[in-house]
Amino acid sequence: MKLCAVILAAGEGRRLRPLTEHLPKALCPVGNVALLDRAMTRVAALGLTGPGDLAVNACYLGEQVVAHVGDRAHLSVEPGDPFGTAGGVALLKDWIGGRGVLVGNADAYLAPHEPADEDLKDLIDGWDGTTVRMLGVPGPPKEFGTHRFAGFSLLPWDLVERLEPVPSDLVRTTWRPAEREGRLEVVEYRGTYLDTGTPRDYLKANLHAAHHRNLIAQDASVTGAVEEAVVGPGAVVAGRVVRGVVWPGAEVRAGETLRDAIRVGRELTVAAD
């Protein structure tokens, strides 16, 4: 059965404001790697790469997403406001063209417990293209059976074909109907999942990616003190950072302490407690 992948990167990330006033959520760095790049690497491990097999949608600050993706994937730029998870997939029906589709949220942070584990292998293995498969982690909240959604799902073509290109979500249009029809399977993810939707979870994902140690970009300048800090390329830390993220090019000046927070530029501090 033929399979393609769609990574959803169109959303505004309202709960992450004011961080997402500067970058779309999909491009926010976690462990100094854009969330979107993490998702693209994840599906590339399944052989789904290039504009023939991988699509990325964009809307909010879409020009940044388009420039970032370049020719690495097929791009679907949504007009006006974002179309949602179902509407975004519907706009890609001609490109999907009868294939089953792996749909992933760009803002899903996934990390296997063992480095050699393949993140999505269990989700894909043995799928016959007739059911909706969903990656899940044990609740709470218990959204689907005893699990909650963990960022990726498999959709059969017959259900994709029914989607309308209007603002809508997969929960109501596809997942819940499939659940009622006995066509929903939840595959448990054996690793760490965070949706990075709030500053608190965004910080938590960064600290997890750094293994709760320091992760400092090669060209960052750190003359101050850092403890569980993620410091991006070109950043300058002359003060102190404790459980914090310093974005690329940002600065923590001498005498400052950034604690449980994210620094953007010279002035913007977003608390994550």
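This note goes through the aromatic contacts, two sheets and the cysteines of a predicted model.

1. Aromatic pairs. A search of the whole structure turns up two aromatic pairs. In one of them, phenylalanine 144 meets tryptophan 175 edge-to-face, with 5.9 Å centre to centre and 80° between the planes. Phenylalanine 144 belongs to the loop between strand 8 (132–138) and strand 9 (147–155), while tryptophan 175 belongs to helix 8 (residues 170–180), so this pair ties together parts that are 31 residues apart in sequence.

2. The pair with phenylalanine 149. The ring centres of phenylalanine 149 and tryptophan 175 are 4.6 Å apart, and because their planes stand at 50°, the pair is classed as tilted. Phenylalanine 149 is in strand 9 and tryptophan 175 in helix 8, so here the parts tied together are 26 residues apart in sequence.

3. The cluster and its burial. Phe144, Phe149 and Trp175 make up one aromatic cluster. Are its members buried or exposed? Phenylalanine 144 is buried, at 5% relative accessibility. Tryptophan 175 has a relative accessible area of 6% and is buried. Phenylalanine 149, at 13% relative accessibility, also counts as buried.

4. Charges over rings. The ring of phenylalanine 144 has the charged end of arginine 176 over it, 4.1 Å from the ring centre. Elsewhere in the sequence, arginine 99 lies over the face of tryptophan 95, at 4.8 Å from the centre of that ring.

5. The five-stranded sheet. Five strands form an open sheet in the order 12-14-16-18-19, and the pairing is mixed. Strand 12 (215–216) and strand 19 (268–271) are at the edges; each has a single partner strand, so one side of each is left without a neighbour in the sheet. At one of these edges, strand 19 pairs with strand 18 (residues 257–264) in the antiparallel sense, over four bridges. Within strand 19, alanine 271 is the bridge partner of alanine 261.

6. A helix across this sheet. Which strands does helix 9 lie across? Helix 9 (residues 199–209) lies across strand 14 (225–231), strand 16 (240–246), strand 18 and strand 19. The helix runs at about 105° to strand 16.

7. The three-stranded sheet. Another open sheet has three strands in the order 13-15-17, with parallel pairing. Its edge strands are strand 13 (221–222) and strand 17 (251–252), each of which pairs on one side only. Strand 13 and strand 15 (residues 236–237) are joined in the parallel sense over two bridges. Valine 222 has valine 237, in strand 15, as its bridge partner.

8. Cysteines. How many disulfides are there? The count comes to zero. Cysteine 28 is in no disulfide, and the nearest cysteine sulfur, that of cysteine 59, is 16 Å away. A disulfide would need the two sulfur atoms within 2.5 Å. For cysteine 59, likewise in no disulfide, the nearest cysteine sulfur is that of cysteine 28. Cysteine 28 is buried, with a relative accessible area of 0%. Cysteine 59 counts as buried at 13% relative accessibility.

Technical notes: Residues are numbered from 1 along each chain as its sequence is written. This is a predicted model: local features need pLDDT of at least 70, side-chain atom pairs count only at pLDDT 80 or more; totals for chains, interfaces and linings use all residues. Side-chain values use heavy atoms; hydrogens and water are left out. Rings of Phe, Tyr and Trp (its six-membered ring) pair if their centres lie within 6.5 Å; planes under 30 degrees apart count as stacked, over 60 as edge-to-face and the rest as tilted. Buried means under 20% relative accessible area, exposed over 50%, partly exposed in between (1.4 Å probe, protein chains only). A charge sits over a ring if NZ of Lys or CZ of Arg is within 6 Å of the ring centre and within 35 degrees of the ring normal. Two strands pair if DSSP finds at least two bridges between them. Contact means heavy atoms within 4.5 Å. Axes are lines fitted to C-alpha atoms, for helices over the stretch in contact, and angles run from 0 to 180 degrees between N-to-C directions.
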